[in-house]
Structures are given as structure tokens and as C-alpha cells.
Amino acid sequence: MTISSMQGRPRGMSERLGRLNWAIITLLCTLAFVGVIMHFSVADGSWAGRPLSHGGRFAVVLALVIGVALLDARMWMAIAYPVYFGALVLLLGVEFMGETRMGATRWLSLGPLSMQPSEIMKIGIVLALARYYHNMDPRNAGTLLWSIPPLLMIAAPVALVMHQPDLGTSMLIAAAGVGIMFLAGLRWRYIIPAGVAAIGGAIAAYFFVLHQYQRDRINTFLNPDADPLGTGYHVAQSKIAIGSAGLFGKGYLQGTQSQGDFLPEKHTDFIFTMIGEEFGLIGAVAVLGMFFVLFLLTMQVSARARTMFGRLAAAGIGLTLALYVFINTSMVIGLIPVVGIPLPLISFGGTAMLTLMTGYAIVLSIDLHRDQSSTRGFLW
Amino acid sequence: MTTAKRDLHSVFNRRAILISGGSTVVMGAIVSRLAYLQAENLVTDTYTEEARDNRFDQRIIAPPRGILYDRFGEMLAVTSPDYRVFLIPEQVGLKNLEPTIRRVGEILGLPEDVIVRRLRDARGAKRSDPVIIRAGLRWDEFSAINVRLPELPGVRADASLIRRYPYDIAFAHPIGYVQKPNQAEVDAVIAEGDERRAVYLRNPDVRVGKSGLEASLEKTIHGEAGWRMVQVNAAGRVVDEIGGETREPVPGPGVVMTIDAECQRGAMERMAGMSGSCVVMDIVTGDLVVMASSPGFNPNEFVNGISPSRFRELNEDPYKPLFHKSVTGAYKPGSTFKICTGIAAVEAGLPENFRVNCPGYFPFGGRAFHCWKKGGHGTVDFHAAMKGSCNVFFYQAGLRAGQQRIADTARLLGLGQKYDIGVPSVVPGIVPDEAWWKTKRGNEPFPPGMILNTAIGQGDLLTTPLQLAVMMARVASGGKEVMPRLVREGPGIAPAKEARQLPVSADGIKRVLDGMFGVASEPGGTAFRTMGNLELWYDPATNKVVDAPTAPAGHKQVQVGGKTGTAQVRVITAAERGGGVKRNNDIDWKLRDHALFVCYGPVHNPRYACAIVIEHGGTDEERYPGTVGYIGGGSAAAAPIARDVMRLVLSRDPSAQPPANIATLEAGLRRPQTVKGRA
């Protein structure tokens, strides 16, 4: 896949298939396969149930993704705002008639369909902001005035999702949104004071606005070690699993913490712990490495895209992936509080996989339809 | 492309590099954290240890309880393997629960109601907890289940330890039984702060003594629990039992009791169908050779939990099988108390030739106090009064002695006090005197007539069969302070001390024993017809006893001394007396008099003292058809039992045989081993 080989717009179906970014697809498949073998281990060495369902779901979604990626990239720009505002309307719907599951209202039932609009918003925010900055006069892009609409576009869904309450997803939406604003060229002179103000405001609020019980709640949240049988149980068990694993791990299907069910949520949010326990430091770093390469390949797609929309959208998706991975792995090893973010492609669960794969349909599409004249692939 | 646009692109590129770089830093932080966790573990082993603590759970292995032996080493309470079959609901699966239980029921031939009950148990239980379908399987049943286990997933058979009482009802009262600790006991232990013991008590295999010696010797014979480390998952479910560290339990030490199982069983059999108690005591050592309370109950029914309906049945039985009558039953001693009155009177200076004319009543304080013999005994001396149990003589003797002296003598002889022989619910009884009256009735004047009731063993006096046996033993031993004991040898059990001489009148004792000889061994004595000829003979040279209808050459008759007694249960009214006292046959069983008999023997060399109380004087024909009907007071209802029990005791002469030695008994013993699970 050298730059010189990419001559002209792909025309035939097979030609277009051949020009797909197979490196990205291979990584996606590898990571999903890691998920399958980990679910096999979670199921005590049985194919029935999750392992097959995870693999099967990925296969179907991958076929759809490749199919969609072959469509013209301009289609994504056309649907950017409709997707964003559609998702926003659905989020309002959740607010007023959502379904409560496990203490949080995230689901919306539309006839037989049950969905989480916050997941659509993860893609929607990226598309909408990329659309907003596309073709904007570069002199305006970084200014304060022109930054007000995107800030509002970020604030509205973040506020709604946080109210569900789903701290993890709202953080993800906010971070992806702010990241795109940063990439679009928001001036440093606004970024630095805003950052300082945000941190200062939070600290001031902690000391002067909040009640003691609210402060206590934040303290336990930030320091789960203080309560190892309550909030901290997950993390404590997770640290035991990873810490006792050693360089090469306890061996596939041999993780004592995970096989003994000490590890909660090991098929969803804490699956990285299981990788760490059974395959050791090497296994954990290998999986992290694959994600990192996937992120870098995504940034490469972004850098090679000719249009601003393509660049920002691809980078936004890459950023979302990186945030997913960083937040998930940091929380299972006790670096940050537990917020409930799955490890994409590996954790069990259709919604997160669908969201991320939709993102990669966009990335693959952008990559396939990048303009031949664009040779600004200076990075790689 | 415009310059501005190129600028924008270069801004984007710079920032994309920044973001990629930032990501690399975060990535590095995560990797170093991963490495740090393992490096930390390499140094401190924290996580490895915590992982191990997580995985392993200590499973308690209940120790085999110490064996209780009779004085000759016969096992009375043992710990033996219990074969049982159980299932784990979640391994069977909800759908298969019914067919599986039915199949097991079919193999074992369980009745339908048991199957239905087990099915209900299994549905109600926690899905991971074993549900016992049947315990106490015979070996062939156990094998039958074992060969079919492969076709019964989720069903298991194993062997645990169970306490068994081979003599069933014969030792129910002195030995008692074990049961699972109840919630109150666990709570009490928690309240004491002994969390570890509380956890131990909650183990389903653990049993604790609930009554009798099982309860009082709990700490001695319980043994030390062992444990086994098993691999568990977070739900506490065992995933692997093999290879864990194990400490075998230490079996509890055995204890040798004073009881002779043969005599005890004989006494229980003899009292079958009656409500009463029989205590036989060695007058030298205080050994309780027999301590029987009838009817008995089967302690084996209690070990694995008795059904509420069965318990109610036992508890509401008018014969009170659960009641340990030997120590808990308090009865008026009736005429057996004349032993105390007699000794006290002699001590008070009753002349050798003291005689009384008995017309059948004694006028006192404007009332007539009656003798049991309607026409009276005529003129009687001490010997004749004992022999004929003349109330009038003892009214007068009692007046000579005085309430306090009688009470003091009775206490010295062992009445009115509790004996710690290792069984619970021992009652002290009552020996009335002025001090007692004060605590009971305050400043009310002491009734002068009380002395008369006391003198003949009625009124407020209350004694237990054990106390009566102690009284008999102390008198028969010539006034030694014999203390009863139920345990001969065991950890922490002191050997019997030489009994000290009691400050009671030796002359009084001599005259009482002489009178008692008259009662049982002289024609005309109230118990002569039953006790006069025991058909036992002894060789004066060797003291060896022979059981034969007539005396072998050179042998002498084995004789006993005794005293009958009848304790009034109802008050006989004057009106009734006028119209003739109702015959006991005509009145309700519950209102009939109690029959008592105390005796000692052999007279030529006293060794055993015996006390018998038969409640309401005999058997209830309605309840136990075919048994002997009501036959009267002490002489008729209690003495025949004493005859048979004494014949057994005197011919076996347990005190003359070498007793079992705990060291020898336990040395050759193959203790039942805990069988590792996974059958």
C-alpha cells in the first residue's frame, strides 16, 4: 500500500475491494479474534454462548462495514448533521421516556427495537464537528466566536448523557469533541486559559461549593483502594489478577482469579484483566500494541485524506478508539476510577462493537475515497 | 489550494502529531503501570498471596467425638461412618430435579412422601448447596447408588461421621444425644466474641452435645477439628478438592462411665411400659451402676434432626419419656423417709425399748393423723415399726427428733442437694425446716403439724431417685459420705476419693438397717414376699454368688434390706376417708400414688444401694395392654422391680469385676477415619 500505487479513483468493485485498507481490517479482525478466545476462556472452555456469538456478530458487522465502506465518502458528510440531530432527539427521548436498567436510564424502546442513543451520539458528534469545520475559513476556525457552536454541540449531548447517568460515555463524547476542536485549530490562547479555568473551577467547587457527603463520594470514587470490598472490589481483584500473573501469565484457561469468578464483569469491562492474568505482561502489552497500531493507522488515514471533513472525521474516530482503550485499561489497572467503558472489539456486547465498527466503516470509506491529488501523507 | 487552507492543514498536521505523541505517552503510562504491578508483586508477593487466599477456602472437618464406654468397655456412644446420598440442585438442573429424585427414591425404595419432601427441599435450597436425599444408608444401598452415579449427574454419595447410640433407648437419659447447634447457641458464641467457633458451629457436619453426658462432657470428648484447603470460586463453591493442604482432625478422647450396660438394659427392660426410675449405686465408690429412667427415647432419632411431629409426640406423652426422672423427677419419699426419721430419733435419744401403740391413727392438734393400716399395728417397737412401716410410731419418733434434727439428718444423708454427676437439669428437691419455711412463707407461723407429715415422708418433702439412692448408700455404708458419680475415667476426671465419715448416729444407722432387714428378709416385712428369697446364694468362703432355685451345698442365702414407700399424689379428704378410700384401681392413672422402694445388699457384705420410683404405682392398662395392672404401693409396684434389678446386680456383681481401662480400650482402637468426599 504505497502512495504511488494509489492512482485514480477506484472504479470496479473488485478494484475497490483491493484498495481497501486491509491493514486496518486485519487488525480489527485480530482484535475481535482475541475477544473470541477470551470469551472461550470466560466460558470455561466452551464454544457455546459468548465465544460463538461474539465471533458471529463480528463477522456480520465486518461484512456490513466493508459494504458500507465501498460507498462514496461524501455520503457521510451529507448525513453528518442528520445523524447528530437525530441522536440528540433520541437522547431527549431517553430523558423523558427511557427505560431504566441497572439504575441508569440509557435505553430507548422504539417498537421492537431497543437502543442506546448515546452510542449513536459517539459517531454523531465526530461527524457533525468534522462537518462543521469542513470548508470553514481557516482564519475563523480557531477563533472564540466560531468555537461557540461546536462547544454547544458538545455540551448538549454531554449534559443529557451525564444525566442518565453515564459518566463514561459523556466523558468519551466530550473528549472526542474537544479533541476535534483542538485538531481543527482552536488557538492555544483559548485552550490554556480554558484548561486552567476548568481545573481551577473544579478544585474551587470541591472545597467551597460541595457538601461534605458529596466530597466523600468523590474521594471514594477517586481512591477505590480505601473500600476494597465495596466500590474498590473490582479494581482490587483486577490488580491481584494482573499483579500475580507475571511476565508470561498463568496460561490460557488457567487464570485462577478469572476462572474462580473472583473477577467481576470479566466478559465485559474487565476482560483486559483476564488477558493480563492468562497471558501476562507480554500478552497485555501485545493487545495494547495492536490497539496502538490501529490508532496510528487511523491517524495515517486522517493525515492522507484530502478534505478537512475526512481528516477530522478519521482523526475523531481514531481518538474515540484511543479513548476507549485508554480509559478501559487505565481503570482496570487502577490508574483512574471505574467508569464503565468496555474494551472495544474484545469486550462482549453488541452496542460498543457496532459503534466502533461504524466508525471504522467511515475510516475505511475515507481512506478508499481519499483524493489522488492529495499527497500530504508526510507523516508516514 | 489556498495558503489559508494549507495553513489549516499544517496546523492540523502539527496537532495530529501532538495527539499521537500524547497517546504514546498515555500508552507508555499504562504499560509501565502494568509492569509496576508485576514488579511490585515480584518484590512483595502481595498479589500472588492474595490470589491464593482468594482461591482457597478452609473446609472444616468435624472430629470424631470421644467414645463413651460402660464400666467394662462396652461402647455406648460411638462415632461411625454415615453413608448418605445427596444432590446439588444446580448440577442436576431444575428440569431434571424431579426425575432424578424419583430415580434415587426408586433405587432406595423411598416412600412417596419422603420423595415429595426431598423434592420440596431441593427446590427451596440454595442452588449450590447440597440437599441430602437420604442419610444413614446401609452399605448395600450405598453401593447401589454408587454404581448408578454415572447415570445420575449432580447426585453424589459420600460418607460422613455420625454419632450412634447402639443401645438405643437404654442410655438416652444419662448419655443424652448430640444435635446440630441451633441458632441461639451460635448467637451466644458470637456474643462472646468467638467468631471462629461460630463459623465452626455453622458447619453442617458439626454436632454438639444437647443433653446428658454428651452436653456436660462436650469440651472433653469433642476432639479438635481438622481442616482441608479446597479451591473455590468467588461464590464459595468448591471447584477442586484435591491437593489442598490438610490437617486431620484429632478424635476426642474416650470416657469410661460407671454404668454396667447389662444392668442398665435389664432395668430399662424391667420398667418397660411404666413411668419411673431406677438408680443403683456402689456404696463404696459411689459408682452409679444403673441410672435408668423409663420410658426412654431413642437418641439416634435426634442426631440428624427429629421431625417436629415426632418431637411433639414425645414431649406430650403423659409418661414423659424426655424427662430424666432419676435426677429431675422430684417425688415425696413416702415411708422410705422413715430411714431419716428413725436415725434422727435415735440420735435425739429414743430409748432402746421405746414402744408405741398404734390404733390406726394419731390425734394431734385436734386432728387425727392416720396410719396406712386401718386397724392399726398394735404395740410396735422400732424394729416392728420399720418392718410394718407404722406411721403412728414414726409420728412419735418424729416428734422426739424435731423438725430441725430430721432435716439436718436428711441433708447429711444426701437429700435436698444437687449432685454434679455430669447431667443437666438436676433438681435439689426440698427438705423442709424452719429456715425453708421462712424463705417460702415469710412470717407465717411455722405449722406444728408439719413435723408429722415430714416424719412419714409426705408433706413438702421432695426427693429424686438419685438422692434416695445416695441416702441408701450412705446408710448402708455405715454413714460414709458417698458421692455419686457417672464417669469413672476420662480426661480431667479425678479418681474417687475415700468417703469421709458423716456425723450421724452409728446406733441409729444400725437400728434402721436392722429394721430394713426385717422389711425385706423377715416374714411379715412389707417387702418380704418379693425380696425374702432372691434365689441367689453365696459361698461364704469366696463370696461368689450363684443363681439357683435352691441353695447349693455350703452356700448361704443372699439377703437384702429395704424400705417401701408410697407417695400421695392426691390429698385424701376426710369425706373420702369416711366413705372408704378409693381403691387406686378405680381412679385415673395420673392421680394414683407413686410407688417407692429403697434397698441395699447383700446384707452380709453391703455393696449396692438401690432406689426405685414407679410413678402412679404401676402400668396403665389402657396404654400398655397386656401388662400387669395397677398393683398398689411400694411393696407391690416397686419392690418386684427392685427384686429383678437387684438379682441382676448382685449376681453380676460389677464392682467385683476388673473395670475397663481407658488406655487399653483406646490403644487397640481403629478410629473411624474421615472419608474424603468425592465418592
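In the predicted model, the axes of helix H7 (residues 144–162) and helix H8 (residues 167–183), both of chain A, come within 8 Å and cross at roughly 170°. Because angles over 145 degrees count as roughly antiparallel, this crossing makes H7(A) roughly antiparallel to H8(A). On the side of H7(A), the contact is made by A:Ser147, A:Pro150, A:Ile154, A:Pro157, A:Val158, A:Val161 and A:Met162, while H8(A) contributes A:Leu167, A:Thr169, A:Ser170, A:Ile173, A:Ala174, A:Gly177, A:Val178 and A:Met181. Classed by residue type, the contact of H7(A) with H8(A) comprises 11 nonpolar and 4 polar residues, with no charged residues.

The chain to which this helix pair belongs, chain A, contains 15 helices and 3 strands, and 48% of its 380 residues are buried. Among the contacts in chain A with a separation of 6 or more, 71% are between residues 24 or more positions apart. Chain B, with 679 residues, of which 46% count as buried, has 27 helices and 24 strands. For chain B, residues 24 or more positions apart account for 76% of the contacts with a separation of 6 or more.

The largest nonpolar core holds 132 residues, and the members that touch the most other members are B:Val290, B:Met472 and B:Cys610. Helix H26 (residues 634–652) of chain B supplies the largest share of this core, namely 11 residues. When neighbours within four places in sequence are left aside, B:Met472 is in contact with B:Val598, B:Tyr600, B:Ala609, B:Cys610 and B:Ala611. A second core, separate from the one just described, has 114 residues, including A:Val34, A:Leu281, A:Ile333 and A:Leu364.

Chain B also contains an open sheet of 5 strands, arranged in the order S13-S12-S24-S23-S22 with antiparallel pairing. Strand S13 (288–294) and strand S22 (561–567) of chain B each have a single partner strand, so that these two stand at the edges and one side of each is left without a neighbour in the sheet. From one strand to the next, the twist averages 10°. Within this sheet, strand S12 (residues 276–282) and strand S24 (residues 608–614) of chain B pair in the antiparallel sense over 7 bridges, and B:Asp282 stands opposite B:Tyr608 in S24(B). Helix H12 (residues 261–270) of chain B packs on the sheet, where it touches S12 and S13 of chain B, and the direction of H12 makes about 25° with that of S13(B).

A further open sheet in chain B is formed by 3 strands in the order S20-S19-S21, again with antiparallel pairing. Its edge strands, S20 and S21 of chain B, each pair on one side only. Strand S19 (residues 536–538) of chain B pairs with S21(B) in the antiparallel sense over 2 bridges, and B:Trp537 is found opposite B:Gln557 in S21(B). The loop between strand S20 (545–547) and strand S21 (556–557) of chain B includes B:Pro549. This residue, B:Pro549, counts as exposed because it has 7 C-beta neighbours inside 10 Å, the limit for exposure being 12 or fewer. Although B:Pro549 and B:Asn533 are 16 residues apart in sequence, their C-alpha atoms are 9.3 Å apart in space.

Methods
Residues are numbered from 1 along each chain as its sequence is written. Chains are lettered from A and ligands numbered from 1 in the order in which they are written. This is a predicted model: local features need pLDDT of at least 70, side-chain atom pairs count only at pLDDT 80 or more; totals for chains, interfaces and linings use all residues. Helices (H or I, at least four residues) and strands (E, at least two) are DSSP runs, numbered from the N terminus. A residue is buried if 20 or more other C-beta atoms lie within 10 Å of its own, exposed if 12 or fewer, and partly exposed in between; C-beta atoms are placed from the backbone. Two residues are in contact if their C-beta atoms, placed from the backbone, lie within 7 Å. Axes are lines fitted to C-alpha atoms, for helices over the stretch in contact, and angles run from 0 to 180 degrees between N-to-C directions. Angles under 35 degrees count as roughly parallel, over 145 as roughly antiparallel, 65 to 115 as roughly perpendicular and the rest as oblique. Ala, Val, Leu, Ile, Met, Phe, Trp, Tyr, Cys and Pro count as nonpolar, Asp, Glu, Lys and Arg as charged, and the others, Gly among them, as polar. A nonpolar core is a set of buried Ala, Val, Leu, Ile, Met, Phe, Trp, Tyr and Cys residues joined through C-beta atoms within 7 Å. Two strands pair if DSSP finds at least two bridges between them.
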